[in-house]
Structure formats: structure tokens, C-alpha cells
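Colleague: I would like a close look at one part of this predicted model. Please take a single strand, go through its pairing partners, and then move outward to the rest.

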Amino acid sequence: MSGKVKLEVIEGAMKGKEFVFEEHDTFLFGRIPDCHACLPNDQQVSRHHFIMEANPPDARIRDLGSLNGTYVNGLKYGSRKKGETPEEGARREYPEVDLKNGNRIRVGQTVLVVTLEGALVCCQCGCSIPERDRDQSAWIGGTFICAKCKANLISMGKPAKAPEPVRCKKCGKDVSGEVGQARRGDYVCESCRKLAEEDPMKLVMELFRQAGKLRGAEKIPAIEGYEIVKRLGRGAFGAVYLARRKKNKENVAVKVMLSRVAVDERARETFMREINVLKELHHDNVVALFDNGSAGSGFYFVMEFCEKGSVADLMVRRGGKLSLKEATPIMLRALDGLGHAHEKGFIHRDLKPQNLLITSSGSDRVTKVSDFGLGKNFQNAGFSGITVTGAVGGTPPFMPREQVTNFKYEQPVSDVWGIAATFYNMLTGEFCRDFGQRKDQMEVILEGKIIPVRKRDMTIPKGVADVIDHALADKPEDRFQSVSEMKMELEKAL
């Protein structure tokens with residue numbers, strides 16, 4: 001556990017109530033039932049007033065175009081202008097505020113106090129001390145020491161020392177101010193990360209070399225068995241490269257991801273354990289994961305290479321959208337891959353045309369779903385930093401509503417929505433919600449209505465449109481409950 005974020009209500013109708021977050025999560029405050037803190041009788045509170053994102057021990061708050069604004073330590077953030085409708089207010093983006101320990105949030109009659117608690121970190125080995133071991137740890141000289149290190153020091157007759165500041169793994173400067181005193185572990189500073197944005201692979205390879213020097217050359221990660229050819233694309237947390245396996249010259253894709261927060265060993269081990277399970281996911285319509293590793297705050301994943309690129313690339317080549325004839329077999333194969341993954345217990349949570357890849361062409365074309373579990377587990381581990389309030393966690397046009405209102409909700413029915421939104425986009429070149437110019441994306445997800453697909457394109461057969469519209473129902477219980485059910489209905493409609 002990396003820490004804790006707590007909200008305590010000290011004034012208002014909910015006085016005495018506490019909201020505690022020990023994992024990456026979201027918190028909605030407002031007047032309607034889907035909010036985590038619901039105050040239906042306070043007329044100064046808007047339907048969706050603010051959203052807070054907790055990535056312990058960090059937290060960020062964002063007003064959602066409320067009528068009266070959100071106050072943090074007496075300063076007003078957000079609020080609509082006089083005479084502005086909620087729809088007009090949603091056309092403006094509102095500032096995000098990083099919360100500090102002791103901050104007071106006021107909305108209407110309600111006041112909440114923020115408490116940020118960092119994880120206990122051993123001053124000797126730098127690892128987090130888990131909850132179950134805290135009774136065995138000791139407080140020495142203003143720092144904590146784990147039971148194992150304490151025993152070692154006692155056996156050697158040595159005193160404990162205070163921990164060193166967190167330093168950038170690349171340039172070595174003190175970055176405690178960036179990551180906060182509560183976070184310990186491997187981290188690359190903001191300046192070095194910006195320099196690495198053009199080519200994250202160089203930074204990760206440098207981190208690997210540093211790790212090799214520390215641990216012995218024989219333990220340098222297996223990425224050294226691959227030759228990097230060129231970069232294929234960039235994403236929110238890194239990039240994807242074409243590489244060649246040296247022993248057999250086989251082409252592979254290497255995805256590199258850089259953590260935005262300090263990575264302690266316990267978090268790294270948990271994340272890598274989750275990713276290793278993904279190697280067991282074998283299906284003709286799922287991109288295979290061959291290898292993975294990490295060093296410092298960098299992670300790499302060696303995957304099957306799909307030489308024809310993504311469905312998004314294909315859409316560009318076709319002028320922005322696909323015909324029903326071309327899109328249908330792509331969608332049916334993607335549903336097959338998703339169905340298999342769901343049967344094995346894997347949820348994607350970031351479906352979009354960019355994550356449907358293609359091998360071969362013509363009648364031999366094969367569609368494969370990529371990035372299974374990578375983004376989801378990276379975000380769950382907290383490595384993505386604060387993302388949801390900035391609309392980075394997931395891709396807003398393809399996010400089901402529950403991904404905001406119930407951040408940790410992971411069920412196949414959410415992937416039903418995501419793949420239907422993808423199919424909608426493939427056929428129309430448009431999104432299923434109105435993300436018009438200057439509209440606040442978070443507000444659109446929470447308040448925006450789904451536009452029936454035939455309003456975008458009347459040439460889409462009604463049976464196919466009915467399947468897409470049903471899969472895009474706002475409430476999970478109103479959709480197809482599995483991709484297998486969706487596929488069966490789609491095949492009937494064709």
C-alpha cells in the first residue's frame with residue numbers, strides 16, 4: 001500500500017462521515033444518486049459538483065462546471081457564469097487542484113477536511129512496510145525500519161539512519177519535491193521524462209544498464225535479446241517499437257511504459273505478477289505477450305507484431321470510417337478474442353480502434369485485440385499518477401460511464417460498452433457522445449446522452465443499429481451482459 005487519502009465531513013448534513021481511499025480511485029460529490037457523497041436537499045450543490053481522484057498519497061480535485069463552484073481553503077474554483085446553462089458551462093474546462101494535507105473543501109453547507117498519509121517506508125531498504133507487518137516495525141530517529149532490517153542491524157550492532165532523499169534515476173537530482181515526502185522508490189524526474197518523450201526506449205535501456213551494473217551483468221533483463229528497429233507510435237505513458245528477436249530474426253513489438261510516480265519494490269512486484277499472468281492468454285484474436293521486464297521506473301513488454309497496423313490506421317486510409325462490409329468481420333473477430341479473455345477472467349477497460357490490430361490483408365485478414373491488462377494494471381498500480389481528472393486514464397470517447405462513477409468496477413459488461421463504442425466509431429467516424437469543440441470531456445461522460453447510431457448514418461441497417469444502441473446503454477444492467485450475447489445478436493442482424 002502506498003498510503004491513504006481520507007475525507008472527513010466536519011460540517012453539513014453528512015457531518016462525521018469519512019471516506020477513505022487506500023487504492024487508486026475516484027470520488028464524486030453532488031446531488032444525484034450516482035455520486036459517492038449525495039446531498040439531494042442542498043440546493044447549492046449541483047448534480048455532479050466535483051470529482052476527486054485519489055492515488056494515495058496524492059489527490060486532485062476538479063470542479064465539474066457547478067453552479068456555485070468548489071472552494072478549497074477559501075479559494076473558489078470552477079462555477080458557471082451568470083445566466084450560463086449547465087450545457088454552456090460544460091464547454092469550458094475547469095482547473096484541477098492538487099490537494100494538500102489539511103486542506104478544507106467547501107460546497108454549499110458541507111465542509112470536508114483532507115488527510116493525506118504516506119506509506120511507512122523502511123529507512124534501510126526503502127521498501128514499503130505492509131499493514132500486517134507494522135506492529136513488528138520500529139520507530140527510530142524519526143523514521144521507520146522493517147522487522148528484517150531491524151534484526152540485521154541488531155545482529156551487526158549498528159544504528160538505523162534516516163532515509164536518503166528520492167533521487168532521479170537518470171540525472172541523480174533530489175526529486176523529493178516532485179514525488180512528495182511520502183513516496184519512496186525508483187523515479188525519473190519531470191525534466192528527464194520530457195527529454196525521454198521523443199524516445200522512451202533510450203531511457204529505459206539506460207535504466208536497464210544501471211540495474212545490470214548494480215546486480216551483475218548476468219541479470220540484465222532479457223530485452224537485450226532484441227534489436228530495436230524503429231518507433232511505431234507514442235502513447236500517454238510511453239511508446240511502441242518494432243524490434244527483431246536476435247536468435248531467429250522474428251519481428252516483435254516492444255511497448256515501453258514510464259511510471260509517473262516513484263516505484264517501490266513491493267508495487268513493482270505486484271504489477272509484474274499481474275502482467276505475468278497475461279502470458280497465459282492465448283487466442284488467435286488476442287495479441288500474444290511474449291516477455292516483459294522492468295528497471296527503475298521503466299517497464300517493457302514484448303508482444304506479437306501485427307504488420308498491418310491498427311483499425312484506426314485502416315480508418316485513416318479509408319477516409320475516416322469503414323464500410324459495414326469491411327467493419328463487420330473485424331468486429332466479429334474482436335468479439336471472439338474478447339469473449340475468450342473474459343472467460344479466462346481478464347477485462348480490457350481501454351477498447352478503441354487503436355487497440356484492434358490487423359495481420360495480413362484481404363481474405364486472410366486477422367483482427368487481434370491488443371494491450372490486454374497493460375493499461376488497467378498500470379493504472380491500478382498507481383503508476384499512471386493522477387489521470388482520470390485529466391481524462392488520461394482510458395480514452396474518454398470510449399469510456400463507459402461507470403468507469404468514472406465506479407472507478408474500480410471491472411466486469412465484462414464494461415467491455416461490451418467499449419467495443420460497441422469502437423464499432424460505432426468505425427462505421428460513422430464519429431463518437432457516440434457529443435464531444436464537441438471546447439466541451440469538458442468529464443462532464444460529457446457524466447451528463448452527455450448517447451446519440452443513436454442511425455442519427456449519425458441512416459444507411460446503417462436498423463438491425464445492426466439496434467445491436468449497437470443496446471450495447472451502449474448507460475446502465476450496465478440494460479446492456480448485453482456478455483460479448484458472446486452481443487456477437488450472437490449482431491450475426492442475426494447481418
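Modeller: A good place to begin is V252, which stands opposite E304 in β18. V252 belongs to strand β16, which covers residues 251–258. This strand and β18 (residues 298–304) pair in the antiparallel sense, with seven bridges between them. β16 also has a partner in strand β15 (residues 238–245), again antiparallel and again joined by seven bridges. Within that pairing, Y241 has V254 of β16 as its bridge partner. β15 and β16 make a hairpin with five residues between the two strands, and K249 in the turn has a positive phi of about 65°. As for burial, seven of the eight residues of β16 count as buried, so the strand is largely enclosed by the rest of the structure. Buried here means under 20% relative accessible area.

Internal space comes next. Searching the whole structure gives three cavities of 30 Å³ or more. The largest holds about 110 Å³ of space. Its lining includes M303, a position within the 298–304 range of β18, the strand that pairs with β16. Among the other lining residues are L278, L281, V286, V287, V369, D371 and F372. By class the lining has 10 nonpolar residues, one polar and one charged.

The second largest cavity holds about 40 Å³ of space. Its lining divides evenly by class, with three nonpolar, three polar and three charged residues. R349, D350, F398, Q403 and D415 are among the residues that line this cavity. Helix α11 (residues 412–428) gives the largest share of that lining, three residues.

Elsewhere in the chain, helix α8 runs over residues 324–343. From first C-alpha to last, its 20 residues reach 28 Å, close to the 28 Å expected at 1.5 Å a residue. α8 is mostly covered, with 14 of its 20 residues buried. G345 follows the helix and has a positive phi, near 95°.

A separate piece of strand pairing is the open sheet of five strands, ordered β4-β3-β5-β6-β9, with mixed pairing. Its edge strands are β4 (37–38) and β9 (96–98), each of which pairs on one side only. Inside this order, β5 (residues 48–55) and β6 (residues 58–63) run antiparallel over six bridges, and N55 has D58 in β6 as its bridge partner.

Technical notes. Residues are numbered from 1 along each chain as its sequence is written. This is a predicted model: local features need pLDDT of at least 70, side-chain atom pairs count only at pLDDT 80 or more; totals for chains, interfaces and linings use all residues. Side-chain values use heavy atoms; hydrogens and water are left out. Helices (H or I, at least four residues) and strands (E, at least two) are DSSP runs, numbered from the N terminus. The expected span of a helix is 1.5 Å times one less than its number of residues. Buried means under 20% relative accessible area, exposed over 50%, partly exposed in between (1.4 Å probe, protein chains only). On a 1 Å grid over the protein atoms alone, a cavity is a set of points where a 1.4 Å probe fits but cannot get out, and a pocket is an open set with protein on both sides within 12 Å along at least five of seven lines; lining residues have an atom within 4 Å of a point. Grid points are joined across faces, edges and corners, and a volume is the space filled by probe spheres set on the points. Ala, Val, Leu, Ile, Met, Phe, Trp, Tyr, Cys and Pro count as nonpolar, Asp, Glu, Lys and Arg as charged, and the others, Gly among them, as polar. Two strands pair if DSSP finds at least two bridges between them.
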